Amino acid sequence: MFATFRSSGEQFYGVVAEGGMIALSPEFPQWKTLKNVIEAGELRTLAKAGHGRPITHPDGSFTYEIPVPDPEKIICVGVNFPDRNAEYKDGQEAPPNMSLFVRFARSFVGHGVPLIRPPESPQLDYEGEIAIVIGTGGRRIPEEDALSHIAGLTLCNEGTIRDWVRHAKFNVTQGKNWDGSGAIGPSLVPFTAPAQLADVGLETRVNGDLRQQDRTSRMLFPIARQIAYISTFTTLVPGDIIVTGTPTGAGARFDPPVWLKPGDVIEVSAEGIGTLRNGVVDE
């Protein structure tokens, strides 16, 4: 697994090891970030370079950043599980095409870094999701070839300020892009086989309580279709991130709603990918 992290004010990338990190970026100055490694198609080179190396940064000496800190774009898929569609109570079956919106990289923090609740609203909510990172770019990618364009998998807490997604007739942008309101990580797991995405369990827990649970096999729009559809209108490039959809059970759906507050701990877990854990602090 690969990760981006910061220590003593300097950003590194490298390999996750038991007890810490093995920094490899100093050895490969031609690749400034993991995005550049992905662009060069050299994740295997990075893995080989880290094999058997001693830890350079023990646990406690660094903070995680999002695995690809400089993606050209982050595209999120909305309403992508059957129960999530039913939450809208509009009587409509799943639409023929997926709902999409974009997020900025600065709206996400890394694993172990607290989400930020802004003073403008208490309605900070969670959405646990699997995210994919594009390895091979393309335009109008055929669905049958789409999974071969994935470099790796990670997790996302697609944190949202709920009342700000309803400030106008047609928008979610401002509610989805508060600085530090969501998280991506902890690491990038290389994608090597379709089974890594075919029927994967996804869970979100808040303070240990199970809030969201579903499986990728139940997605209304499978990940291969997401890549094909998105690449129809925009060219996907290495390092792009697609956040693939959240199950039912976000805080907004409780009666009354249950918003995140300082001191809460949110854990997003998926089989074969790991656990993304974050606290909450006030800005």
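In the predicted model, a polar atom of the N278 side chain lies 2.7 Å from the backbone oxygen of V113. N278 belongs to strand β19 and has a relative accessible area of 2%. Because this value falls under the 20% cut-off, N278 is classed as buried. Residues up to four places away in sequence aside, N278 touches a run formed by V109, G110, H111, G112 and V113, together with L115, A183, D264, V265 and I266. The residue that supplies the backbone oxygen, V113, is thus also listed among the contacts of N278.

Strand β19, which spans residues 274–278, is an edge strand of an open four-stranded sheet with the order β16-β15-β18-β19. The other edge is formed by β16 (209–215), and each of these two strands pairs on one side only. Pairing within the sheet is antiparallel, and neighbouring strands are turned against each other by 15° on average, with direction ignored. Strands of a sheet pair through backbone hydrogen bonds, in either a parallel or an antiparallel arrangement. Between β15 (residues 201–206) and β16, which run antiparallel, there are six bridges. In one of the bridges to β16, E203 is partnered by Q213.

A further buried polar side chain is that of T160, located in strand β13 (residues 160–161). T160 counts as buried because its relative accessibility is 0%, where the limit is 20%. A polar atom of the T160 side chain is placed 3.0 Å from the backbone oxygen of E158. Beyond its neighbours within four places in sequence, T160 is in contact with Q123, L124, D125 and E127 on one stretch of the chain, and with V165, G175 and K176.

Helix α5, comprising residues 223–233, contains a set of buried residues: I223, A224, Q226, I227, A228, I230 and S231. The cover over these buried residues includes several strands, namely β6 (74–78), β7 (99–103), β11 (128–134), β12 (150–157) and β17 (241–243). Helix α4 (195–198) is also included in this cover.

E42 is found in the loop that lies between helices α1 (34–39) and α2 (43–50). Its relative accessible area is 26%. E42 is therefore partly exposed, as this value lies between the 20% and 50% limits. The side chain of E42 makes a polar contact of 2.4 Å with the side chain of T45. When neighbours within four places in sequence are left aside, the contacts of E42 are with W31 and V37. E42 and E267 are 225 residues apart along the chain, and their C-alpha atoms are separated by 30 Å.

The second largest pocket encloses about 300 Å³ of space. Its lining consists of 16 residues, and those nearest the pocket centre are G41, L43, R44, A151 and F191. Two elements, α2 and β12, give two or more residues to this lining. Helix α2 gives the most, with three residues. Strand β12, one of these two elements, is also listed in the cover of the buried residues of α5.

Methods: Residues numbered from 1 in each chain as written. Predicted model: local features only at pLDDT ≥ 70, side-chain atom pairs only at ≥ 80, totals over all residues. Heavy atoms only, no water. Pairing = 2+ DSSP bridges. Axes fitted to C-alpha atoms, helices over the stretch in contact; angles between N-to-C directions. Buried < 20%, exposed > 50% of the residue type's maximum accessible area, 1.4 Å probe, protein only. Contact = heavy atoms within 4.5 Å. Polar contact = N/O pair within 3.5 Å; in protein donor to acceptor, adjacent residues only side chain to side chain. 1 Å grid on protein atoms, 1.4 Å probe; cavity = no way out; pocket = protein on both sides within 12 Å on 5 of 7 lines; lining within 4 Å. Points joined across faces, edges and corners; volume = space filled by probe spheres on them.
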